[in-house]
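Notebook open, model loaded. I want to look up a few sheets and a helix pair.

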Amino acid sequence: MAATNSSRVDIIDIRAHNASLPAASSIHEQLVAGLSKPEGHKSIPTLLLYDEHGLRLYDQITTDAAEYYLFPAEERILKAKANEIVKVMHAGAPGNGELDEVIVELGAGALRKTSLILKALSQQVPDPCLAPPITYFALDLEKNELERTLMELNKPDVGADLSGKVSTRGLCGTYDDGLKFIAQGGLEDHNPFSKVNTIYTAHYSVDRSPRGSSPSSNCSSRSRSEGTEATPPSTPGSHQPLHILFLGSSLGNFSRDEDTSFLKSLPLRPGSGDTLLIGLDHNYDGKQIELAYNDPKGLTRDFIMNGLTAAGRVLGDEHLFDENKWEYVGRYNEELRRHEAYYRSTCDQTIVDPVTHANFPFVKDELVSVEISNKFSDKQAYALFTAANLRPIHRWTDSESHYSLWLLERPKFSFPLLKWPTASDSQTAARSPFSIPTVEEWNDMWAAWDFVTRQMIPPSMLFEKPIDLRHICLFYCGHIPAFLSIHLSRLLQEPDTEPVEFKYIFERGIDPNVDDPTQCHPHSEVPQRDEDWPSVSSILQYQDRVRARVTNLYRDIDAGKITLTRKIARVLFMTYEHEALHAETLLYMLLQRAGTGTLPPNGFVPPPWEVLAESWDNELEPQTKTVTLGPAEVTLGHDDSEDEDQSTDVLNHSFGWDNEHPKRTVHVDQFKIEWRPVTNGQFFSFYTNEGQNKVQFPKSWIEIDGQIFVRTMYGPVPLKIAQHWPIVTSYDNLSTYASVKGGRIPTEPELRLFLDKFECGYEGGANIGFRNWHPTPATTGGTKDGGKGHNGGVWEWTSTSLAAHEGFEQSKLYPGYSTDFFDTHHKAVIGGSYATIPRIAERRTVRNFYQHNYPYAWVGARIAYDV
């Protein structure tokens with residue numbers, strides 16, 4: 001390794017041996033390619049703005065340009081919440097009490113804000129050690145500037161707090177260099193005296209020198225002497241938790257598609273406790289944004305114009321671009337919601353490459369793009385994170401709601417955004433998001449099902465009934481593959497999956513009458529003794545064989561061996577959504593034993609309840625309690641007759657259950673409806689006052705030592721934590737509440753009208769698709785987006801009874817799906833809960849149903865009023 005005279009910091013130059021392309025060569029090629037584009041399309045790489053001088057100019061902007069709101073907004077958040085952010089960051093850490101982790105900051109810059117996080121991290125370490133358990137790596141382009149800023153961290157005002165607790169190092173290179181270095185295992189062994197694996201010593205030059213301060217001798221067993229040699233990489237998957245910092249809304253410099261790809265590429269391991277802390281600018285005030293990027297002191301102008309000097313330097317002559325012939329132009333593009341920075345050529349001119357002698361002509365007033373700064377609406381942020389397979393853990397926002405720090409993780413499973421038909425994409429336009437499920441959708445569903453059944457149900461609970469009105473847990477493990485196998489065999493006229501007898505045990509579950517459980521629709525006869533049930537291993541092997549039949553069917557369709565018809569697609573749609581609905585059923589059963597049997601969803605960072613509760617308490621209520629809607633004509637359902645199932649027009653067809661067909665129009669009179677569903681807090685006040693002896697104690701609550709708690713998959717939480725969540729309880733309870741309050745539960749068409757107008761959807765942040773493992777406060781009725789928001793993550797009761805409507809056709813494939821429950825006991829519910837997959841929750845025609853007095857399902861309600 002090569003060492004320099006640097007006396008106080010270690011910097012690893014990860015640019016030196018990029019196997020694919022040297023950094024300088026890459027920048028040169030990007031610059032030449034950008035300058036070679038036609039008039040009006042030329043560009044200069046944004047990276048050139050951040051040379052050593054550019055970094056100092058940018059630092060001056062953040063210090064002296066008050067108009068540049070991004071930096072102070074983020075700094076204020078960190079000054080107020082750094083300790084809280086670090087606490088939440090570690091919520092998913094292993095429970096052994098030992099810290100041993102890596103922090104990597106992408107584009108570290110001046111480190112003034114970072115020092116706040118590092119100080120907070122140091123407080124997680126009780127005593128200084130010879131080998132600090134936390135290592136911070138600052139990644140940036142310019143080695144000299146990186147060295148200068150890291151040395152600032154060693155000064156007493158920060159260094160004293162970090163000594164023996166947090167070691168600091170530099171990584172000199174681009175984002176791509178840094179991500180490649182991490183992916184190759186370069187951070188596996190991060191002991192401050194033996195930082196880099198020996199496997200990498202031949203590939204990266206390291207500037208090394210110990211910190212000036214002396215660590216305490218009170219150390220953990222990880223302490224080593226300075227002479228200890230570097231160790232080889234640890235076993236893959238065993239390295240320390242990784243926390244990535246990407247501050248300053250730097251992601252805004254990527255294009256809208258590139259930002260997703262970049263976030264996808266981050267080396268965050270699913271379910272590991274790894275996190276990403278990212279800053280995003282949410283401002284939409286065009287005038288304020290333009291002023292921020294064109295301050296009266298001209299600091300931003302100087303910063304941008306320095307990019308021309310850097311561009312000339314890359315081409316071989318830093319004076320190549322005569323600044324007197326160029327001027328800075330900054331403007332806010334409202335349609336694309338981004339600030340755009342350009343160079344304007346003030347005359348006709350030609351730049352000649354001094355090496356290749358290539359000519360780059362420019363006409364007067366031609367604009368050359370150098371930087372974009374995208375701004376993110378909430379909808380864009382949620383859509384971005386979901387597309388990048390990231391799950392928000394928490395969000396901290398400045399007082400103006402212009403800027404947010406988001407803490408994210410890569411979950412063990414997730415559901416992507418639905419791909420809606422668009423006129424600009426002929427392939428997408430030919431496919432409905434509610435057509436035949438893709439193989440990828442099946443894989444996502446199987447990952448979710450396996451997670452619930454294999455990681456949340458302990459062996460001791462398999463033969464137990466979390467609720468009396470359903471089967472034991474083990475039944476559902478066999479029911480899902482049995483239902484799928486039965487319908488595949490009927491469709492393809494093939495033998496049943498072995499063992500054949502499983503279909504007789506697992507074909508159909510139960511939904512008995514709540515008032516008289518002896519009254520129940522036809523169902524399978526199940527074993528009465530534990531020892532008579534099939535073994536878990538045999539059920540899992542059976543499940544694997546059935547799943548293989550699904551993948552083989554898709555393979556045969558793709559190969560042309562089987563012609564895809566709507567009937568085939570309908571069977572696959574029906575069995576897919578059946579599995580999704582049963583995952584939710586199983587979860588609301590397991591909720592009743594959460595904390596006393598059911599295992600929490602390990603692999604997702606657990607909720608920081610106190611932090612969340614504080615933010616929920618500070619959320620603003622709607623300015624008015626209700627909104628008036630109607631009179632209106634409301635469209636319900638869609639056309640989806642099984643009589644047309646021999647058609648091969650499949651991909652642009654939307655499938656649904658029999659109670660969704662046909663499309664029909666219903667008149668709705670004028671009515672008022674509350675912006676948000678009834679909350680736990682509101683129902684508790686009612687339950688303990690005017691509702692005494694009128695409603696039943698909700699099954700979503702539990703009383704412990706005389707105090708009311710709300711059930712969650714992580715165990716009960718105090719009512720004060722969940723007071724703003726929508727209450728989950730029976731229709732009877734909520735109907736009584738509404739009546740006493742002078743209202744009623746809305747009809748299905750009324751609620752449909754409200755949701756069509758004000759539901760923000762999955763891409764807008766709705767709490768569906770396992771975005772959380774618990775309800776959250778509703779957000780409809782706010783000041784943004786015309787009041788659009790979500791209901792907190794519950795289905796919603798309607799006063800409409802499940803019954804045959806005009807044009808109803810009983811399903812031929814699943815005759816009893818709806819008709820078995822045309823019994824006056826079941827009410828239609830619409831929407832979706834936090835455990836409802838987007839495909840179901842986003843299809844506006846879906847009609848779920850539960851008995852009016854069934855207390856377990858994840859259903860809430862809002863109050864409607866006659867006008």
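How many bridges join strand 22 to strand 23, and which way do the two run? I looked it up: strand 22 (residues 795–801) and strand 23 (residues 826–831) run antiparallel, and four bridges join them. Strands here are DSSP E runs of at least two residues, helices are H or I runs of at least four, and both are numbered from the N terminus.

Ground rules before I go on. The model is predicted, so I note that local features need pLDDT of at least 70 and side-chain atom pairs count only at pLDDT 80 or more, while totals for chains, interfaces and linings use all residues. Residues are numbered from 1 along each chain as its sequence is written, and side-chain values use heavy atoms, with hydrogens and water left out.

Entry: the four-strand sheet. Strands 22 and 23 belong to an open sheet in the order 24-23-22-25, with mixed pairing; strands pair if DSSP finds at least two bridges between them. I find E796 opposite I830 in strand 23. Strand 24 (848–851) and strand 25 (859–860) each have a single partner strand, so one side of each has no neighbour in the sheet. Helix 21 (residues 731–740) lies across strand 22, strand 23 and strand 25, at about 80° to strand 22. Contact means heavy atoms within 4.5 Å; axes are lines fitted to C-alpha atoms, for helices over the stretch in contact, and angles run from 0 to 180 degrees between N-to-C directions.

Entry: the three-strand sheet. This open sheet has the order 15-18-26 and antiparallel pairing. Strand 15 (626–629) and strand 26 (864–866) are its edges, each pairing on one side only. From one strand to the next, the twist averages 25°. Strand 18 (residues 671–674) is joined to strand 26 by three bridges, and F671 has D866 as its bridge partner there. Helix 22 (residues 748–758) lies across strand 15, strand 18 and strand 26, running at about 105° to strand 15.

Entry: a helix pair. The axes of helix 2 (residues 52–64) and helix 10 (residues 299–315) come within 9 Å and cross at roughly 165°. The two are therefore roughly antiparallel (angles over 145 degrees count as that). Helix 2 contributes residues including L57, Y58 and I61 to the contact, and helix 10 residues including L299 and F303.

Entry: confidence. I checked pLDDT, the predictor's confidence in each residue from 0 to 100. The chain mean is 90, and 90% of the residues reach 70 or more. Over residues 17–22 the pLDDT is below 50.

Technical notes: Angles under 35 degrees count as roughly parallel, over 145 as roughly antiparallel, 65 to 115 as roughly perpendicular and the rest as oblique.
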